[in-house]
Amino acid sequence: MAQLSDDCFAFGGPLMSVDEAVAIIAQRVSAVAETEWVALAEADGRILASAIEAPLSLPPFTNSAVDGYAVRSADLASGAEMAFPVSGRVQAGTSASVAISPGEAVRIFTGAPMPVGADTVFMQEDIRIDGAGRVVLPPGLRAGANVRPTGEDVRKGHAAFAAGRSLQPQDVALIAAFGLTRVEVRRRLRVAVFSTGNEVVSPGSVRAAAQLFDSNRYMLSAMLRRLGCDVQDLGILRDDRASLAGALENAAANADLILTSGGVSTGEEDHVKAAVENIGTLVLWRMAIKPGRPVAMGIVKGTPFIGVPGNPVASFVTFTHVVRPTIMALSGAVPRPLVPMPVRAAFSYAKKLGRREYVRVNLRKAADGSLEALKFPREGAGLLSSLVDTDGLVELGEETTVVTPGQTVGFLGYSNLN
Ligand code: AMP
Ligand code: MG
(Lines give C-alpha, C1' and ligand atoms only; values in the text may rest on other atoms or scores of the structure.)
(Ligands and ions follow the chains in the order given, each with its own letter.)
Protein backbone atom coordinates (compact mmCIF):
# COMPACT_ATOMS: atom_id res chain seq x y z
CA MET A 1 0.00 0.00 0.00
CA ALA A 2 1.15 3.56 -0.58
CA GLN A 3 2.35 5.38 2.52
CA LEU A 4 0.45 8.64 2.73
CA SER A 5 0.50 10.95 5.74
CA ASP A 6 -2.79 11.92 7.35
CA ASP A 7 -2.32 15.54 6.33
CA CYS A 8 -1.22 14.87 2.76
CA PHE A 9 -4.26 16.61 1.29
CA ALA A 10 -4.02 19.68 3.52
CA PHE A 11 -4.51 22.98 1.73
CA GLY A 12 -4.45 26.43 3.35
CA GLY A 13 -6.19 28.63 0.80
CA PRO A 14 -9.90 29.39 0.59
CA LEU A 15 -10.41 28.32 -3.02
CA MET A 16 -8.28 25.77 -4.83
CA SER A 17 -7.52 26.03 -8.51
CA VAL A 18 -7.57 22.92 -10.67
CA ASP A 19 -3.82 23.28 -11.23
CA GLU A 20 -3.17 23.46 -7.48
CA ALA A 21 -5.23 20.30 -6.96
CA VAL A 22 -3.34 18.43 -9.66
CA ALA A 23 0.02 19.63 -8.28
CA ILE A 24 -0.80 18.65 -4.67
CA ILE A 25 -1.82 15.19 -5.80
CA ALA A 26 1.29 14.70 -7.92
CA GLN A 27 3.59 15.86 -5.09
CA ARG A 28 1.99 14.15 -2.12
CA VAL A 29 0.51 10.90 -3.37
CA SER A 30 3.06 8.12 -3.70
CA ALA A 31 2.73 4.97 -5.76
CA VAL A 32 1.95 1.48 -4.52
CA ALA A 33 5.21 -0.44 -4.39
CA GLU A 34 4.19 -3.90 -5.55
CA THR A 35 4.91 -5.00 -9.09
CA GLU A 36 4.16 -8.12 -11.10
CA TRP A 37 5.22 -9.66 -14.39
CA VAL A 38 2.50 -10.01 -17.01
CA ALA A 39 2.45 -11.64 -20.42
CA LEU A 40 2.44 -9.24 -23.36
CA ALA A 41 -1.15 -10.16 -24.17
CA GLU A 42 -2.13 -8.71 -20.77
CA ALA A 43 0.08 -5.63 -20.94
CA ASP A 44 -2.16 -3.07 -22.67
CA GLY A 45 -3.13 -0.29 -20.26
CA ARG A 46 -0.76 -1.44 -17.51
CA ILE A 47 1.84 0.84 -15.96
CA LEU A 48 5.44 -0.16 -16.59
CA ALA A 49 7.38 -0.65 -13.36
CA SER A 50 10.81 -0.78 -14.95
CA ALA A 51 12.34 0.87 -17.98
CA ILE A 52 12.83 -1.10 -21.19
CA GLU A 53 15.93 -0.75 -23.37
CA ALA A 54 15.99 -2.11 -26.89
CA PRO A 55 17.77 -5.50 -26.67
CA LEU A 56 18.26 -5.47 -30.46
CA SER A 57 18.13 -3.04 -33.34
CA LEU A 58 15.00 -2.70 -35.46
CA PRO A 59 14.93 -3.72 -38.14
CA PRO A 60 17.40 -6.35 -36.97
CA PHE A 61 18.93 -6.63 -40.49
CA THR A 62 19.06 -4.41 -43.55
CA ASN A 63 16.19 -5.32 -45.88
CA SER A 64 14.21 -4.24 -48.88
CA ALA A 65 11.21 -1.94 -48.39
CA VAL A 66 9.61 -3.01 -51.69
CA ASP A 67 9.26 -5.83 -54.18
CA GLY A 68 11.82 -5.13 -56.92
CA TYR A 69 15.47 -5.45 -57.96
CA ALA A 70 18.50 -4.85 -55.75
CA VAL A 71 21.61 -3.31 -57.27
CA ARG A 72 24.91 -1.65 -56.34
CA SER A 73 24.46 2.12 -56.68
CA ALA A 74 28.09 2.36 -57.78
CA ASP A 75 27.11 0.53 -60.98
CA LEU A 76 24.47 3.07 -61.97
CA ALA A 77 25.35 5.70 -64.53
CA SER A 78 23.69 9.05 -63.97
CA GLY A 79 21.12 10.12 -66.51
CA ALA A 80 21.06 6.89 -68.51
CA GLU A 81 18.84 3.83 -68.58
CA MET A 82 20.79 0.61 -67.84
CA ALA A 83 20.10 -3.09 -68.33
CA PHE A 84 21.50 -5.68 -65.86
CA PRO A 85 21.24 -9.46 -65.88
CA VAL A 86 19.32 -10.87 -62.93
CA SER A 87 21.76 -13.09 -61.03
CA GLY A 88 19.66 -14.29 -58.12
CA ARG A 89 16.45 -14.13 -56.15
CA VAL A 90 15.91 -13.45 -52.47
CA GLN A 91 12.62 -13.87 -50.63
CA ALA A 92 11.56 -12.62 -47.20
CA GLY A 93 12.74 -15.02 -44.51
CA THR A 94 15.55 -16.47 -46.65
CA SER A 95 18.48 -17.34 -44.47
CA ALA A 96 21.15 -17.94 -47.14
CA SER A 97 22.96 -14.72 -47.92
CA VAL A 98 23.00 -13.81 -51.58
CA ALA A 99 25.94 -11.87 -52.95
CA ILE A 100 25.84 -9.52 -55.90
CA SER A 101 28.62 -8.89 -58.38
CA PRO A 102 29.25 -5.62 -60.23
CA GLY A 103 26.78 -5.01 -63.04
CA GLU A 104 24.16 -7.45 -61.73
CA ALA A 105 20.69 -7.14 -60.25
CA VAL A 106 19.03 -9.49 -57.74
CA ARG A 107 15.29 -10.07 -57.68
CA ILE A 108 14.15 -9.15 -54.15
CA PHE A 109 10.90 -8.99 -52.15
CA THR A 110 9.70 -6.75 -49.31
CA GLY A 111 11.35 -7.66 -46.01
CA ALA A 112 14.05 -9.83 -47.63
CA PRO A 113 17.66 -9.27 -46.49
CA MET A 114 19.70 -7.14 -48.87
CA PRO A 115 22.28 -9.09 -50.87
CA VAL A 116 25.82 -8.45 -49.66
CA GLY A 117 27.12 -5.47 -51.65
CA ALA A 118 23.73 -4.22 -52.85
CA ASP A 119 22.52 -0.90 -51.42
CA THR A 120 19.61 0.24 -53.61
CA VAL A 121 16.32 -1.32 -54.75
CA PHE A 122 14.29 -0.46 -57.84
CA MET A 123 10.54 -0.96 -57.40
CA GLN A 124 9.14 -3.59 -59.73
CA GLU A 125 6.60 -1.03 -60.97
CA ASP A 126 9.47 1.15 -62.26
CA ILE A 127 11.38 -1.41 -64.38
CA ARG A 128 10.81 -3.53 -67.46
CA ILE A 129 12.40 -6.78 -68.62
CA ASP A 130 14.01 -6.71 -72.04
CA GLY A 131 14.07 -9.46 -74.69
CA ALA A 132 17.26 -10.89 -73.19
CA GLY A 133 15.67 -11.28 -69.77
CA ARG A 134 17.64 -8.36 -68.37
CA VAL A 135 16.10 -5.83 -66.03
CA VAL A 136 15.99 -2.33 -67.52
CA LEU A 137 16.49 0.32 -64.84
CA PRO A 138 15.37 3.92 -65.29
CA PRO A 139 17.82 6.70 -64.44
CA GLY A 140 17.54 9.03 -61.42
CA LEU A 141 17.07 6.70 -58.45
CA ARG A 142 19.06 7.91 -55.44
CA ALA A 143 21.57 5.57 -53.82
CA GLY A 144 20.03 3.77 -50.84
CA ALA A 145 16.46 4.08 -52.15
CA ASN A 146 13.89 1.56 -50.92
CA VAL A 147 16.25 0.03 -48.37
CA ARG A 148 15.58 -0.19 -44.63
CA PRO A 149 18.95 -0.21 -42.87
CA THR A 150 19.51 -2.09 -39.60
CA GLY A 151 18.45 0.12 -36.68
CA GLU A 152 16.68 2.79 -38.76
CA ASP A 153 13.62 2.32 -36.53
CA VAL A 154 15.26 1.68 -33.14
CA ARG A 155 18.92 1.23 -32.23
CA LYS A 156 19.99 -1.52 -29.86
CA GLY A 157 20.33 -0.02 -26.37
CA HIS A 158 17.86 2.79 -27.05
CA ALA A 159 15.84 3.81 -23.96
CA ALA A 160 12.52 2.81 -25.49
CA PHE A 161 10.23 3.10 -22.45
CA ALA A 162 10.61 4.78 -19.08
CA ALA A 163 9.05 3.37 -15.93
CA GLY A 164 5.61 4.86 -15.38
CA ARG A 165 4.53 4.51 -18.99
CA SER A 166 0.90 3.56 -19.43
CA LEU A 167 1.22 0.96 -22.17
CA GLN A 168 -0.68 1.48 -25.41
CA PRO A 169 -1.26 -1.11 -28.13
CA GLN A 170 1.61 0.28 -30.21
CA ASP A 171 3.91 0.06 -27.16
CA VAL A 172 3.04 -3.59 -26.75
CA ALA A 173 3.86 -4.05 -30.43
CA LEU A 174 7.34 -2.55 -30.00
CA ILE A 175 8.02 -4.72 -26.94
CA ALA A 176 6.96 -7.77 -28.95
CA ALA A 177 9.29 -6.66 -31.78
CA PHE A 178 12.08 -6.73 -29.18
CA GLY A 179 11.29 -10.40 -28.66
CA LEU A 180 10.25 -9.93 -25.03
CA THR A 181 7.39 -12.04 -23.72
CA ARG A 182 6.63 -10.40 -20.37
CA VAL A 183 6.81 -6.95 -18.80
CA GLU A 184 7.11 -5.80 -15.21
CA VAL A 185 4.16 -3.60 -14.30
CA ARG A 186 2.72 -2.05 -11.16
CA ARG A 187 -0.02 -4.13 -9.68
CA ARG A 188 -3.55 -3.00 -10.38
CA LEU A 189 -5.03 -0.59 -7.86
CA ARG A 190 -7.91 -1.82 -5.77
CA VAL A 191 -10.53 0.90 -5.57
CA ALA A 192 -13.58 0.64 -3.34
CA VAL A 193 -16.58 2.49 -4.75
CA PHE A 194 -19.69 3.52 -2.83
CA SER A 195 -22.69 5.62 -3.62
CA THR A 196 -24.40 7.42 -0.79
CA GLY A 197 -27.87 8.76 -0.17
CA ASN A 198 -31.19 7.55 1.18
CA GLU A 199 -32.79 8.47 -2.13
CA VAL A 200 -30.45 6.29 -4.18
CA VAL A 201 -31.30 2.64 -4.99
CA SER A 202 -29.60 0.07 -7.21
CA PRO A 203 -31.02 -0.69 -10.64
CA GLY A 204 -32.95 -3.93 -10.27
CA SER A 205 -34.30 -3.13 -6.83
CA VAL A 206 -37.66 -1.60 -5.98
CA ARG A 207 -37.68 2.17 -6.28
CA ALA A 208 -39.98 4.20 -4.03
CA ALA A 209 -41.60 7.31 -5.45
CA ALA A 210 -38.98 9.69 -4.05
CA GLN A 211 -36.00 7.56 -5.01
CA LEU A 212 -33.81 7.34 -8.10
CA PHE A 213 -31.63 4.63 -9.50
CA ASP A 214 -27.92 4.86 -8.82
CA SER A 215 -26.04 5.99 -11.88
CA ASN A 216 -22.81 7.38 -10.45
CA ARG A 217 -21.48 4.06 -9.20
CA TYR A 218 -21.65 2.62 -12.70
CA MET A 219 -20.07 5.65 -14.32
CA LEU A 220 -17.27 5.97 -11.76
CA SER A 221 -16.58 2.23 -11.79
CA ALA A 222 -16.36 2.22 -15.58
CA MET A 223 -13.99 5.18 -15.56
CA LEU A 224 -11.83 3.48 -12.95
CA ARG A 225 -11.68 0.29 -14.99
CA ARG A 226 -10.57 2.28 -18.01
CA LEU A 227 -7.71 3.51 -15.85
CA GLY A 228 -6.77 -0.09 -15.12
CA CYS A 229 -8.21 -0.39 -11.61
CA ASP A 230 -9.79 -3.42 -9.97
CA VAL A 231 -13.09 -2.03 -8.74
CA GLN A 232 -14.70 -3.25 -5.55
CA ASP A 233 -18.34 -2.28 -5.88
CA LEU A 234 -19.53 -1.80 -2.33
CA GLY A 235 -23.03 -0.65 -3.11
CA ILE A 236 -25.02 2.20 -1.64
CA LEU A 237 -24.61 3.61 1.84
CA ARG A 238 -27.43 5.28 3.70
CA ASP A 239 -27.13 8.82 5.01
CA ASP A 240 -26.13 7.65 8.45
CA ARG A 241 -22.86 8.56 10.04
CA ALA A 242 -22.26 5.38 12.02
CA SER A 243 -22.95 2.94 9.20
CA LEU A 244 -20.95 5.08 6.77
CA ALA A 245 -18.00 5.13 9.17
CA GLY A 246 -18.13 1.37 9.61
CA ALA A 247 -18.31 0.67 5.89
CA LEU A 248 -15.51 3.08 5.06
CA GLU A 249 -13.30 1.62 7.77
CA ASN A 250 -13.83 -1.91 6.44
CA ALA A 251 -13.17 -0.77 2.88
CA ALA A 252 -9.92 0.86 3.93
CA ALA A 253 -8.47 -2.50 4.96
CA ASN A 254 -8.58 -3.87 1.41
CA ALA A 255 -8.40 -0.89 -0.89
CA ASP A 256 -5.75 1.48 -2.22
CA LEU A 257 -8.38 4.19 -2.62
CA ILE A 258 -11.94 4.69 -1.43
CA LEU A 259 -14.20 6.66 -3.74
CA THR A 260 -17.69 7.80 -2.81
CA SER A 261 -20.21 10.02 -4.53
CA GLY A 262 -22.72 12.26 -2.80
CA GLY A 263 -22.94 13.50 0.74
CA VAL A 264 -19.95 15.81 0.73
CA SER A 265 -21.61 19.20 0.53
CA THR A 266 -22.03 21.26 3.62
CA GLY A 267 -25.69 20.46 4.32
CA GLU A 268 -26.69 18.75 7.52
CA GLU A 269 -27.63 15.58 5.61
CA ASP A 270 -24.16 15.30 4.14
CA HIS A 271 -22.88 12.58 6.43
CA VAL A 272 -19.92 11.24 4.48
CA LYS A 273 -17.83 14.18 5.60
CA ALA A 274 -18.67 13.64 9.26
CA ALA A 275 -18.13 9.88 8.98
CA VAL A 276 -14.65 10.29 7.54
CA GLU A 277 -13.81 12.83 10.20
CA ASN A 278 -14.78 10.26 12.85
CA ILE A 279 -12.46 7.55 11.63
CA GLY A 280 -9.76 9.46 9.78
CA THR A 281 -8.84 12.89 8.57
CA LEU A 282 -10.73 14.95 6.05
CA VAL A 283 -10.33 18.22 4.22
CA LEU A 284 -12.86 19.77 1.90
CA TRP A 285 -11.31 21.19 -1.20
CA ARG A 286 -13.38 24.10 -2.40
CA MET A 287 -12.33 23.95 -5.99
CA ALA A 288 -12.63 26.83 -8.42
CA ILE A 289 -14.32 24.62 -10.98
CA LYS A 290 -17.76 24.39 -12.53
CA PRO A 291 -19.52 21.99 -12.60
CA GLY A 292 -18.26 20.71 -9.30
CA ARG A 293 -18.73 21.48 -5.68
CA PRO A 294 -16.47 20.76 -2.76
CA VAL A 295 -14.49 17.57 -3.15
CA ALA A 296 -13.72 15.70 0.06
CA MET A 297 -10.17 14.41 0.37
CA GLY A 298 -9.04 12.33 3.30
CA ILE A 299 -7.16 9.41 4.77
CA VAL A 300 -8.96 6.51 6.46
CA LYS A 301 -6.59 4.13 8.28
CA GLY A 302 -3.79 5.01 5.89
CA THR A 303 -5.96 4.66 2.77
CA PRO A 304 -6.73 7.72 0.68
CA PHE A 305 -10.37 8.72 0.41
CA ILE A 306 -12.04 10.91 -2.22
CA GLY A 307 -15.67 11.97 -2.04
CA VAL A 308 -17.02 13.48 -5.23
CA PRO A 309 -20.33 15.38 -5.43
CA GLY A 310 -23.53 13.46 -6.14
CA ASN A 311 -24.70 15.33 -9.19
CA PRO A 312 -23.59 13.17 -12.12
CA VAL A 313 -21.96 15.93 -14.19
CA ALA A 314 -20.12 17.28 -11.15
CA SER A 315 -19.00 13.69 -10.36
CA PHE A 316 -17.74 13.27 -13.90
CA VAL A 317 -15.81 16.54 -14.03
CA THR A 318 -14.25 16.18 -10.58
CA PHE A 319 -13.30 12.61 -11.44
CA THR A 320 -11.26 13.81 -14.37
CA HIS A 321 -9.42 16.48 -12.36
CA VAL A 322 -9.04 14.89 -8.96
CA VAL A 323 -9.63 11.13 -9.13
CA ARG A 324 -7.78 10.54 -12.40
CA PRO A 325 -4.55 12.26 -11.25
CA THR A 326 -4.79 10.45 -7.90
CA ILE A 327 -5.16 7.09 -9.63
CA MET A 328 -2.19 7.88 -11.84
CA ALA A 329 -0.04 8.90 -8.87
CA LEU A 330 -1.03 5.80 -6.85
CA SER A 331 -0.45 3.53 -9.80
CA GLY A 332 3.02 4.89 -10.48
CA ALA A 333 2.05 6.36 -13.83
CA VAL A 334 3.82 9.38 -15.22
CA PRO A 335 1.25 12.20 -15.03
CA ARG A 336 -0.44 12.81 -18.36
CA PRO A 337 -1.91 16.30 -18.38
CA LEU A 338 -5.17 16.75 -20.26
CA VAL A 339 -4.34 18.77 -23.36
CA PRO A 340 -7.32 20.54 -24.92
CA MET A 341 -7.46 20.68 -28.71
CA PRO A 342 -8.19 24.08 -30.30
CA VAL A 343 -11.62 24.33 -31.93
CA ARG A 344 -13.85 27.26 -32.86
CA ALA A 345 -16.67 28.20 -30.50
CA ALA A 346 -20.09 28.36 -32.15
CA PHE A 347 -21.68 29.77 -29.01
CA SER A 348 -21.50 32.72 -26.66
CA TYR A 349 -20.96 32.31 -22.98
CA ALA A 350 -20.25 34.44 -19.95
CA LYS A 351 -18.40 33.16 -16.91
CA LYS A 352 -16.92 34.22 -13.60
CA LEU A 353 -13.32 35.37 -13.51
CA GLY A 354 -11.02 33.08 -11.49
CA ARG A 355 -12.91 29.84 -12.02
CA ARG A 356 -12.32 27.00 -14.50
CA GLU A 357 -15.47 26.01 -16.35
CA TYR A 358 -16.31 23.04 -18.49
CA VAL A 359 -19.01 23.44 -21.12
CA ARG A 360 -20.59 20.34 -22.66
CA VAL A 361 -20.36 20.55 -26.44
CA ASN A 362 -20.77 18.72 -29.70
CA LEU A 363 -18.23 19.07 -32.49
CA ARG A 364 -19.36 19.82 -35.98
CA LYS A 365 -17.48 20.36 -39.22
CA ALA A 366 -18.01 23.95 -40.36
CA ALA A 367 -18.39 24.97 -44.00
CA ASP A 368 -14.66 25.82 -44.23
CA GLY A 369 -13.74 22.35 -42.96
CA SER A 370 -12.63 23.47 -39.48
CA LEU A 371 -14.15 22.05 -36.32
CA GLU A 372 -16.56 24.08 -34.30
CA ALA A 373 -18.06 23.42 -30.90
CA LEU A 374 -21.80 23.72 -30.27
CA LYS A 375 -22.88 24.14 -26.69
CA PHE A 376 -25.42 21.73 -25.23
CA PRO A 377 -28.50 23.92 -24.66
CA ARG A 378 -28.96 23.18 -20.95
CA GLU A 379 -26.47 23.46 -18.11
CA GLY A 380 -27.66 21.62 -14.98
CA ALA A 381 -25.10 19.48 -13.13
CA GLY A 382 -27.76 16.79 -12.74
CA LEU A 383 -28.36 16.31 -16.48
CA LEU A 384 -26.87 12.96 -17.31
CA SER A 385 -28.22 13.26 -20.86
CA SER A 386 -25.98 16.29 -21.35
CA LEU A 387 -22.95 13.99 -21.03
CA VAL A 388 -24.49 11.27 -23.16
CA ASP A 389 -25.52 13.55 -26.02
CA THR A 390 -22.28 15.52 -26.34
CA ASP A 391 -18.76 14.77 -27.61
CA GLY A 392 -16.74 16.40 -24.87
CA LEU A 393 -15.98 19.47 -22.81
CA VAL A 394 -14.76 22.90 -23.75
CA GLU A 395 -12.34 24.08 -21.09
CA LEU A 396 -12.59 27.76 -20.21
CA GLY A 397 -9.61 28.97 -18.19
CA GLU A 398 -9.69 31.01 -15.01
CA GLU A 399 -8.88 34.24 -16.89
CA THR A 400 -11.71 33.89 -19.39
CA THR A 401 -14.91 35.85 -18.75
CA VAL A 402 -16.65 35.72 -22.12
CA VAL A 403 -16.74 33.48 -25.15
CA THR A 404 -17.94 34.91 -28.44
CA PRO A 405 -18.77 32.90 -31.54
CA GLY A 406 -15.69 32.37 -33.70
CA GLN A 407 -13.27 32.45 -30.78
CA THR A 408 -10.79 29.59 -30.42
CA VAL A 409 -11.43 27.44 -27.35
CA GLY A 410 -9.87 24.22 -26.00
CA PHE A 411 -11.81 20.97 -26.43
CA LEU A 412 -11.35 17.76 -24.44
CA GLY A 413 -13.02 14.71 -25.99
CA TYR A 414 -14.57 12.21 -23.61
CA SER A 415 -12.37 9.47 -24.97
CA ASN A 416 -9.29 11.40 -23.75
CA LEU A 417 -10.59 12.05 -20.27
CA ASN A 418 -10.25 8.57 -18.85
P1 AMP B 1 -25.42 15.19 -2.84
O2 AMP B 1 -24.05 15.44 -3.37
O3 AMP B 1 -25.52 13.99 -1.95
O4 AMP B 1 -25.99 16.42 -2.21
O5 AMP B 1 -26.32 14.85 -4.11
C6 AMP B 1 -26.54 15.80 -5.12
C7 AMP B 1 -27.57 15.30 -6.11
O8 AMP B 1 -27.04 14.17 -6.77
C9 AMP B 1 -28.86 14.84 -5.49
O10 AMP B 1 -29.92 15.25 -6.31
C11 AMP B 1 -28.75 13.34 -5.47
O12 AMP B 1 -30.00 12.71 -5.51
C13 AMP B 1 -27.94 13.07 -6.70
N14 AMP B 1 -27.19 11.84 -6.55
C15 AMP B 1 -26.43 11.50 -5.50
N16 AMP B 1 -25.88 10.29 -5.65
C17 AMP B 1 -26.29 9.83 -6.85
C18 AMP B 1 -26.06 8.64 -7.58
N19 AMP B 1 -25.27 7.67 -7.09
N20 AMP B 1 -26.63 8.50 -8.79
C21 AMP B 1 -27.40 9.48 -9.28
N22 AMP B 1 -27.66 10.64 -8.65
C23 AMP B 1 -27.13 10.82 -7.43
MG1 MG C 1 -26.84 13.02 -0.73
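## A buried threonine, a ligand site and two kinds of space

T390 counts as buried because its relative accessibility is 7%, below the 20% cut-off for that class. Keep in mind as you look around that this is a predicted model.

Let's start with the surroundings of T390. This residue sits in the loop that runs between α7 (384-388) and β27 (392-396). Its side chain has a polar contact of 2.6 Å with the side chain of Y414, and it also reaches the backbone oxygen of S386, at 2.6 Å. Which residues are in contact with T390 once its neighbours within four places in sequence are left aside? They are R360, V361, N362, F376 and Y414. Y414 therefore appears both in this list and as a polar partner of the T390 side chain, a pairing that counts as a polar contact because the N or O atoms lie within 3.5 Å.

Next comes the ligand. Ligand 1 is surrounded by 15 residues, and the closest are E199, D214, G263, R293 and G310. Backbone N or O atoms of the protein lie at these distances from ligand 1:

| Residue (backbone N or O atom) | Atom of ligand 1 | Distance |
|---|---|---|
| N216 | nitrogen | 3.4 Å |
| G263 | oxygen | 2.8 Å |
| G310 | oxygen | 2.9 Å |

G263 and G310 are thus listed among the closest residues to ligand 1, and each has a backbone atom in the table, at 2.8 Å for G263 and at 2.9 Å for G310.

Now for the empty space. Rolling a probe the size of a water molecule over the atoms shows where such space is left. The largest pocket holds about 560 Å³. It is lined by 28 residues, of which S166, L167, Q168, R336 and N418 are the closest to its centre. Sorted by class, that lining has 11 nonpolar, 9 polar and 8 charged residues. Two helices, α3 (216-226) and α6 (312-330), each supply at least two residues of the pocket lining. Which element gives the most to the lining of the largest pocket? That is α6, with 3 residues.

How many cavities of 30 Å³ or more does the structure hold? There is 1, and the largest cavity has a volume of about 90 Å³. Its lining consists of G45, R46, I47, R186, R187, R188, L189, L227, G228 and S331. These lining residues divide into 3 nonpolar, 3 polar and 4 charged.

Note on methods
Residues numbered from 1 in each chain as written. Chains lettered and ligands numbered in written order. Predicted model: local features only at pLDDT ≥ 70, side-chain atom pairs only at ≥ 80, totals over all residues. Heavy atoms only, no water. Helix = DSSP H or I, 4+ residues; strand = E, 2+ residues; numbered from the N terminus. Buried < 20%, exposed > 50% of the residue type's maximum accessible area, 1.4 Å probe, protein only. Polar contact = N/O pair within 3.5 Å; in protein donor to acceptor, adjacent residues only side chain to side chain. Contact = heavy atoms within 4.5 Å. 1 Å grid on protein atoms, 1.4 Å probe; cavity = no way out; pocket = protein on both sides within 12 Å on 5 of 7 lines; lining within 4 Å. Points joined across faces, edges and corners; volume = space filled by probe spheres on them. Nonpolar A, V, L, I, M, F, W, Y, C, P; charged D, E, K, R; others polar. Near = heavy atom within 4 Å.
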